[in-house]
Amino acid sequence: MTTPRVLIIDDDELVAATLHAMAEAVGAEAHATSDSDSFFAALEQWQPTHILLDLNMPNLDGMEVIAELANRGVEAGIIVVSGVGRRVIDAAARTAAARGLRVVGALDKPFMIEDLELLLSSRDPLTVPLAPLPRSPRPTDFHVSASELERALAEEELFLVYQPKVECRTRTLAGFEALVRWRHPEHGLVMPDRFIPQAEECGLIDALTARVLELGLAWMADWDRVASGDGNSLRAASTLSLSVNLSARSLTSASLISELEARCARHGIPPARLILELTETATMADPVTSLDLLTRLRARGFRLAIDDFGTGFSSMVQLVRLPFSEIKVDKSFVMTAAASLESRKVIRSVVDLGHSLKLTTTAEGVEDEEVLSLLRELGCDLAQGYLESRPLEGEVAAAWALEHFRADEARRVAALRELAMLDTPPEPRIDRLTRLASRTCATPIALVTLVDAERQWFKSRRGIELAETPRDQAFCAHTILCEGLTVVPDAERDARFSDNVLVTGAPFLRFYAGAPLHARDGSRVGALCVADHAPRELSRSQLDTLLDIARQVERELNEQATAANAHGLLPRAAFEDSARGALALCRRVRIDATLMTLEFAPDSPMVDSDALTQLVEGALRGSDLVGELGPGRVGLILLSSAGAGASAVRHRLASRASAVDATLVGAIDVRISVSRAREPLDLELLFRGAAAAAPVRLGESAAVG
Ligand code: C2E
Ligand code: MG
Ligand code: MG
């Protein structure tokens, strides 16, 4: 095979140089450029075999470069690179392929050098399925004339109402959807379905959308003023999203993206807070152009929701092809869910589909508690509907939200109190998870923090001297505001943190990634986080692992609070449940797991006595999980400690047992079953292994493990 010649374009010179070095390291010839002129000059002169193209460059539009490459009929293999997530990259790759370019693959930053090597050596172009986009019939009833609509726009008769979207699990406010209304001087209030189709038909939809965006963003921006009296509300308000309905017609507008960006910038609203909902009232005239446009929007940070899913043009094909971030189940299914099995089936399958594509799922038209609890069971993320609130006018909606924040916070603090964990001593099993987080993410700092009304308090800390900080300094106070990870690549460049004393002074934090920790009722009571003194990134798999470890910390916190029996042991079912979670984590981070079972001789005096409690307190608390398997049988799970860890526990147990009661050491049999990191790791296998292992009397000095 001839040596690949890789032409790199990235407007960040440092990134370009890094990609250059990586390409050379895998044996390719490389040439890096950071502006489009020199890129296209090199393309002509240097004739690369491959082009490495970064999608999100602040000063250059990757999709525009793709369009120009297509115009020139370039034959080099295209590799799309980006840090914005796999689905966006895939959509970009599909757009490029649809334009006739040869796309050999896509890389999600930060990627491994082997991935690049593989793509450069592969001769097969990526096979990209390109199904045609289905079309929908256009509604036909128009009652409103174009000139009247024009007047309505000019006279500012259109206004917005805002309907809250809440988390199904906790009913925490997540954002608002803006819905347009027309206050007609003669006909009174006119609903959107009476004039949106008309606006689309007579070419006024872009003007209408512009008006809606302007009103909605100005309303959001006003939040700073409304919520500024209360730090917690202000923070919460700053995470709320605004959903705006976009007619598919508008997707043909060439200036849509730049206008959206300019508008957001003018109001100081980050694109990620704006969700564009695609309505189905117009056909998608040009599938390739829409795909291209939607991909660009996502690359620029805007979120996209597919509205009224289950009706009209939206279909599986649509969903998988386009880079949506949210899917909204149509209200016709949700409103009938209590009565109709069919509707429930549809909702379930949409929710499952959404989750398998890593989309936020929203149900609209939630009118009663019964449906909300059904949605909770199905795992639907967000709910919107009359149950929570009808659409409200701006000021009312703002006041409603403030009230809601206070109620959310009160519920959250109550859930934290229930945990009874604040100001308790450190615990080895939680410390071990913190250590695991810091090791997995290769960060010096890892913390388990609980956030109450005034402060964040560290239940477990590594790499930091502080025991607590005021809440308004806490990065984690932001993490607990919404689901999912909060990542701050460089705190000095983030307006929320750049003048935080933890950034400007010791411990000089620059990088932060945190996952919320939930109490049983779903309240976000704290966070597992990692931090570093220099700006950086984490790979997708490190981020996923962080979330997994957070789930495990959550189990520990919640189980300790409530599930333990009189001896401080978990009952069998809870033990098995936690053990499965722990083993899943071991599998992911490739560490060993050990199951140790203790069997007390039937005539042993201590099974129901305080002695067991003393043993557990003195010798077993440090294990990752301790549970009661049956009468006289105790099980322990140890993570990351095949052999050595198990014998340490055994020795500790032996010395503790002889201190408690000299006869005990002769009355306990220990069986050990170890699963090495790379073996299939499964609780049943471990149990079988332990059952088959020869028992060792606790008092015997034989080596164990
Ligand atoms: P949509 O985007 O699906 O909005 C949800 C509709 O469901 C809203 O109707 C809302 O008032 C209604 N709704 C919400 N919860 C419930 C509930 O619990 N029960 C019932 N029965 N209805 C509920 P609305 O405001 O009449 O809007 C209708 C449609 O008009 C919207 O459907 C959207 O497609 C379109 N629309 C609204 N505003 C705009 C806009 O600014 N631009 C564009 N292009 N379309 C808009
Ligand atoms: Mg909508
Ligand atoms: Mg809808």
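**Exercise 1. Burial of two metal-binding residues**

Are Asp 307 and Glu 364 buried or exposed?

*Solution.* The coordinates to be used here belong to a predicted model. The first step is to recall that a residue counts as buried when its relative accessible area is under 20%. For Asp 307 the relative accessible area is 4%, and this residue is therefore buried. The second step is to place Glu 364 beside it, and the outcome is that Asp 307 and Glu 364 are both buried.

**Exercise 2. The magnesium ion (ligand 3)**

Determine which protein atoms act as donors to the magnesium ion (ligand 3), and how these residues are spaced in sequence.

*Solution.* Begin with the donor atoms: Asp 307 and Asp 308 each contribute through OD, while Glu 364 contributes through OE, and the distances to the magnesium ion (ligand 3) run from 1.7 to 2.4 Å. Written as a spacing pattern, the donor residues of this ion read D-D-x55-E. The next step is to assign secondary structure: because Asp 307 belongs to strand E13 and Glu 364 to strand E15 (residues 360–364), the pair ties together parts that are 57 residues apart in sequence.

**Exercise 3. The magnesium ion (ligand 2) and the bridge**

Identify the donors of the magnesium ion (ligand 2), and then find the residue that bridges this ion and the magnesium ion (ligand 3).

*Solution.* The magnesium ion (ligand 2) is coordinated at 2.0 to 2.2 Å by OE of Glu 177, OD1 of Asn 245, OE of Glu 277 and OD of Asp 307. Their spacing along the chain is E-x67-N-x31-E-x29-D. Since Asn 245 lies in strand E11 (residues 241–246) and Asp 307 in strand E13, this pair ties together parts that are 62 residues apart in sequence. The bridging residue is Asp 307, which coordinates both ions, and the ions themselves are 4.3 Å apart. As a last step, consider accessibility: Asn 245 is partly exposed at a relative accessible area of 22%, whereas Asp 307 is buried at 4%.

**Exercise 4. The surroundings of ligand 1**

Describe the shell around ligand 1 by its nearest residues, its composition, its polar contacts and the elements that supply it.

*Solution.* Start with proximity: there are 24 residues around ligand 1, and those that come nearest are Arg 181, Asn 245, Asp 307, Glu 367 and Tyr 386. Two of these names, Asn 245 and Asp 307, have already appeared as donors of the magnesium ion (ligand 2).

Next, sort the shell by residue class, which gives 10 nonpolar, six polar and eight charged residues. Then turn to the elements: strand E9 (173–184), helix H7 (192–201) and strand E13 (303–309) each contribute at least two residues to the shell, and E9, with four residues, gives the most.

Now list polar contacts with ligand 1. A nitrogen atom of the ligand is 3.0 Å from an N or O atom in the side chain of Gln 163; an oxygen atom of the ligand lies 3.1 Å from a polar side-chain atom of Lys 331; and an oxygen atom of the ligand is 2.8 Å from a polar backbone atom of Tyr 386. Finally, of the 800 Å² of accessible area that ligand 1 has on its own, the protein covers 90%.

**Exercise 5. Phe 511 and its contacts**

Where does Phe 511 lie, and which residues does it touch beyond four places away in sequence?

*Solution.* Phe 511 is located in strand E22 (residues 511–518), and with a relative accessible area of 0% it is buried. Among the residues that Phe 511 touches are Thr 443, Val 487, Val 488, Pro 489, Val 530 and Leu 538. Taking Val 488 as one partner, the separation from Phe 511 is 23 residues in sequence, while the C-alpha atoms are 5.7 Å apart in space.

**Exercise 6. Backbone geometry in loops**

Examine Pro 507, Lys 358 and Ala 442, stating for each the backbone feature and the loop in which it occurs.

*Solution.* The peptide bond that runs from Ala 506 to Pro 507 is cis, its omega being near 5°, and Pro 507 sits in the loop between helix H20 (501–504) and E22. Lys 358, which is not a glycine, has a positive phi near 60°; its loop joins helix H15 (341–356) and E15, and the residue counts as exposed at 69% relative accessibility. Ala 442, likewise not a glycine, has a positive phi of about 50°, and is found in the loop between helix H18 (428–441) and strand E18 (445–451).

How values were computed
Residues are numbered from 1 along each chain as its sequence is written. Chains are lettered from A and ligands numbered from 1 in the order in which they are written. This is a predicted model: local features need pLDDT of at least 70, side-chain atom pairs count only at pLDDT 80 or more; totals for chains, interfaces and linings use all residues. Side-chain values use heavy atoms; hydrogens and water are left out. A residue is near a molecule or strand if one of its heavy atoms lies within 4 Å of it. A polar contact is a pair of N or O atoms within 3.5 Å; within protein, one must be able to donate a hydrogen and the other to accept it, and residues adjacent in sequence count only if both atoms are side-chain atoms. Accessible areas come from the Shrake-Rupley method with a 1.4 Å probe; for residues, only the protein chains shown count as cover. Ala, Val, Leu, Ile, Met, Phe, Trp, Tyr, Cys and Pro count as nonpolar, Asp, Glu, Lys and Arg as charged, and the others, Gly among them, as polar. Donors are N, O and S atoms within 2.8 Å of the metal (3.2 Å for Na, K and Ca); water is not among the atoms, so sites may look incomplete. Buried means under 20% relative accessible area, exposed over 50%, partly exposed in between (1.4 Å probe, protein chains only). Contact means heavy atoms within 4.5 Å.
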